[in-house]
Amino acid sequence: MKITKRQLKRIIREEYSRLKRRGLIREGEIGYDEMEGNIPPGATDLMNVCRSAFEMGEGDMIINDWMQKIGMGAHETMECDMEDFMAIQRFEQEYNPDRFDQELVIQLLSNLSLDCIDMLYGA
């Protein structure tokens with residue numbers, strides 16, 4: 001089977017990201033809660049993405065995107081489970097699209113499975 005350079009680069013990027021999220025490569029930021037085991041590996045990076053989206057006024061957009069991806073992951077692709085879907089639904093009911101609430105995001109991320117974090121991280 002032949003692959004193109006572009007395909008090879010994409011495969012390498014995906015594998016690198018996966019290994020980094022799993023904690024096998026440590027060069028990014030690791031938050032306190034991640035080090036303490038309160039949230040899955042890779043969740044600190046997702047929290048930073050979420051914070052940036054809220055700062056740019058796109059908090060609603062990132063949460064709707066996450067809800068859609070988790071819904072598809074729970075109902076169609078089976079990349080995450082129904083508990084992940086229920087966690088994002090609870091979050092969606094409580095969050096304010098105009099303000100980043102770190103404690104609420106930590107609560108969400110701590111309730112998501114590692115598979116779900118990996119799915120959001122890779123998307």
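Lys-5 lies in helix H1, which spans residues 5–21, and that is a good place to start a walk through this predicted model. With a relative accessibility of 70%, Lys-5 counts as exposed. Along the way you will meet two patches of surface charge, one positive and one negative, as well as an aromatic cluster and two salt bridges.

**Positive charge and helix H1**

- Lys-5 has company: together with Arg-6, Lys-9 and Arg-13, Lys-5 makes up a patch of positive charge on the surface.
- Helix H1 also holds a salt bridge pair, Glu-14 and Arg-10, which sit four residues apart, about one turn of the helix.
- The side chains of Glu-14 and Arg-10 meet at 3.1 Å, N to O.
- Glu-14 counts as partly exposed, because its relative accessibility is 43%.
- Arg-10 is likewise partly exposed, with a relative accessible area of 38%.

**The other salt bridge, in helix H4**

- The count of salt bridges comes to two, and besides the pair in H1 there is one between the side chains of Lys-69 and Asp-65, at 2.5 Å from N to O.
- Lys-69 and Asp-65 are four residues apart in helix H4, so about one helical turn separates them.
- Lys-69 has a relative accessibility of 25% and therefore counts as partly exposed.
- Asp-65, with a relative accessible area of 26%, is partly exposed too.

**From helix H4 to the loop before H5**

- Helix H4 covers residues 59–75, and Gly-71 is found in this helix.
- Is Gly-71 buried or exposed? Gly-71 counts as buried, because its relative accessibility is 11%.
- Gly-71 and Asp-81 are ten residues apart along the chain, and 9.1 Å separates their C-alpha atoms.
- Met-78 belongs to the loop between H4 and H5.
- If you check backbone angles, look at Met-78: its phi is near 60°, a positive value in a residue other than glycine.
- Met-78 is exposed, with a relative accessible area of 60%.

**Negative charge and helix H5**

- Which residues gather in the patch of negative charge on the surface? They are Glu-79, Asp-81, Glu-83 and Asp-115.
- Of these, Glu-83 is found in helix H5, which runs over residues 82–94.
- Glu-83 has a relative accessibility of 56%, so Glu-83 counts as exposed.
- Asp-84 is also found in helix H5, but Asp-84 counts as buried, with a relative accessibility of 1%.
- Why does Asp-84 count as buried? Its 1% relative accessibility falls under the 20% cut-off for that label.
- Asp-84 and Cys-116 are 32 residues apart in sequence, yet 7.0 Å apart in space when taken from C-alpha to C-alpha.

**The aromatic cluster**

- Phe-54, Phe-91, Tyr-95 and Phe-100 form one aromatic cluster.
- How many aromatic pairs are there? The count comes to three.
- In one of them, the ring centres of Phe-54 and Tyr-95 lie 6.1 Å apart and the planes stand at 90°, so this pair is edge-to-face.
- That pair links distant parts of the chain, because Phe-54 sits in helix H3 (residues 43–55) and Tyr-95 in the loop between H5 and helix H6 (102–111), 41 residues apart.
- Both Phe-54 and Tyr-95 are buried.
- Tyr-95 also pairs with Phe-91: their ring centres are 5.4 Å apart and their planes meet at 5°, so the pair is stacked.
- Phe-91 is buried, with a relative accessible area of 4%.
- For Tyr-95 the relative accessibility is 11%, so Tyr-95 counts as buried.

**To keep in view while you turn the structure**

- Tyr-95 takes part in an edge-to-face pair with Phe-54 and in a stacked pair with Phe-91.
- In helix H5, you can compare Glu-83, which is exposed at 56%, with Asp-84, which is buried at 1%.

Key: Residues numbered from 1 in each chain as written. Predicted model: local features only at pLDDT ≥ 70, side-chain atom pairs only at ≥ 80, totals over all residues. Heavy atoms only, no water. Patch = residues over 30% accessible without salt bridge, like charges linked within 9 Å, V, L, I, M, F, W, Y side chains within 5 Å. Areas by Shrake-Rupley, 256 points an atom, 1.4 Å probe, with all protein chains shown as cover. Salt bridge = Lys/Arg side-chain N within 4 Å of Asp/Glu carboxyl O. Lys, Arg positive; Asp, Glu negative; His and termini not counted. Charge placed at Lys NZ, Arg CZ, Asp CG, Glu CD. Helix = DSSP H or I, 4+ residues; strand = E, 2+ residues; numbered from the N terminus. Buried < 20%, exposed > 50% of the residue type's maximum accessible area, 1.4 Å probe, protein only. Phe/Tyr/Trp six-rings, centres within 6.5 Å; stacked < 30°, edge-to-face > 60°.
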